[in-house]
Amino acid sequence: MTLPWLVGTALREQRSYAELAARQAVTDERLRIARELHDVVAHHLTVIAVRAEVARAVASTNPQEAERTLALVGTAGRTALTEMRRMLGVLRSPGDGAELGSASGLADLPALAAGAGPRVELSVDPDPPLPPGVELAVYRIVQEALTNVVRHAGSADCRVKLSRMGPEAVEIEVVNDAPSRLPSRRPGGGHGLIGMRERAAMCGGTLSAGPLATGGFRVHARLPCGSEAAR
């Protein structure tokens, strides 16, 4: 009598633990998606707010620039809605998160650069392909870096360069040519920089950011992929 009772109790506890682990995995995934949604909203609202102010300021003196800026506002708004619908759809899904295969990646960088506001020179080395998680981290780091350019450097020209370091790593460099409008800003401060560093750390990579001696600001990240990411 005792042995079957012990076996039954152990099986029930095992099932209970498995169910708890599955629920925790779902919760963790939804928290991650919620963080992605926060990044999307923060980036696009920053672009919309800053560019709308620019359009208002130049509307009477430079109608063509105002029209171009309002077109950027429209692009940012449509992109934000698309990404938010995608992620909210995943949050509502009772599945295991397989829908995340449609998450943003390198193919979305040209649209991100076009809608950022400042003129962005984009250079991407796509080969060999990146793992989906690393690709998403690259996209979000570039997105947050461009958000900081819009927020702190206005319409400064910006360069975004992605370089593959063989099959083992990818490097990201985002540089703008204008000094920050916030002279008291510390090189390591700001929630945007913290978020980018967390993104890099989640992939086992590193990120540095700071002002350049010639003016402007540089963000540089190195993310491992392939066998290096597994170490």
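## Sheet, core and cysteines of a predicted model

Strands S4 and S5 pair in the antiparallel sense over six bridges, where strands are DSSP runs of E with at least two residues and helices are runs of H or I with at least four, both numbered from the N terminus, and where two strands count as paired if DSSP finds at least two bridges between them. The structure is a predicted model, in which local features need pLDDT of at least 70 and side-chain atom pairs count only at pLDDT 80 or more, while totals for chains, interfaces and linings use all residues. Residues are numbered from 1 along each chain as its sequence is written, and side-chain values use heavy atoms, with hydrogens and water left out.

Within the hairpin of S4 and S5, five residues lie between the strands, and Gly215 takes a positive phi near 100 degrees. On its other pairing, S5 runs antiparallel to S3, to which eight bridges join it. The wider arrangement is an open sheet of five strands in the order S1-S2-S3-S5-S4, with mixed pairing. Strand S1 (120-124) and S4 stand at the edges with a single partner strand each, so one side of each is left without a neighbour in the sheet. From one strand to the next the twist averages 5 degrees, angles being taken from 0 to 180 degrees between N-to-C directions of axes, which are lines fitted to C-alpha atoms and, for helices, cover the stretch in contact. S1 and S2 pair in the parallel sense over five bridges. Helix H4 packs on this sheet and touches S1, S2, S3, S4 and S5, its direction making about 10 degrees with that of S3; contact here means heavy atoms within 4.5 Å.

The residue pairs below are examples from the paired strands.

| Residue | Residue opposite | Strand of the residue opposite |
|---|---|---|
| Ile172 | Ala221 | S5 |
| Pro211 | Phe217 | S5 |
| Val120 | Cys158 | S2 |

Strand S5 is mostly covered, with six of its eight residues buried, a term that means under 20% relative accessible area, as against over 50% for exposed and values in between for partly exposed (1.4 Å probe, protein chains only). His220 has its place in S5 and is buried, with a relative accessible area of 19%. Its side chain is joined to that of Glu171 by a polar contact of 3.5 Å, that is, a pair of N or O atoms within 3.5 Å, of which, within protein, one must be able to donate a hydrogen and the other to accept it, residues adjacent in sequence counting only if both atoms are side-chain atoms. Leaving aside neighbours within four places in sequence, His220 is in contact with Glu171, Ile172, Thr206, Leu207 and Ser208.

The largest nonpolar core holds 34 residues, of which Val138, Val142, Ile172 and Leu223 touch the most other members; such a core is a set of buried Ala, Val, Leu, Ile, Met, Phe, Trp, Tyr and Cys residues joined through side-chain atoms within 4.5 Å. H4 supplies the largest share of this core, ten residues. Not counting residues up to four places away in sequence, Val142 touches Leu109, Leu112, Val160, Leu162 and Ile172.

A search of the whole structure finds zero disulfides, a disulfide being a pair of cysteine sulfur atoms within 2.5 Å. For Cys225, the nearest cysteine sulfur is that of Cys203, 9.3 Å away. Cys225 counts as buried at 1% relative accessibility, and Cys158 is buried with a relative accessible area of 2%.
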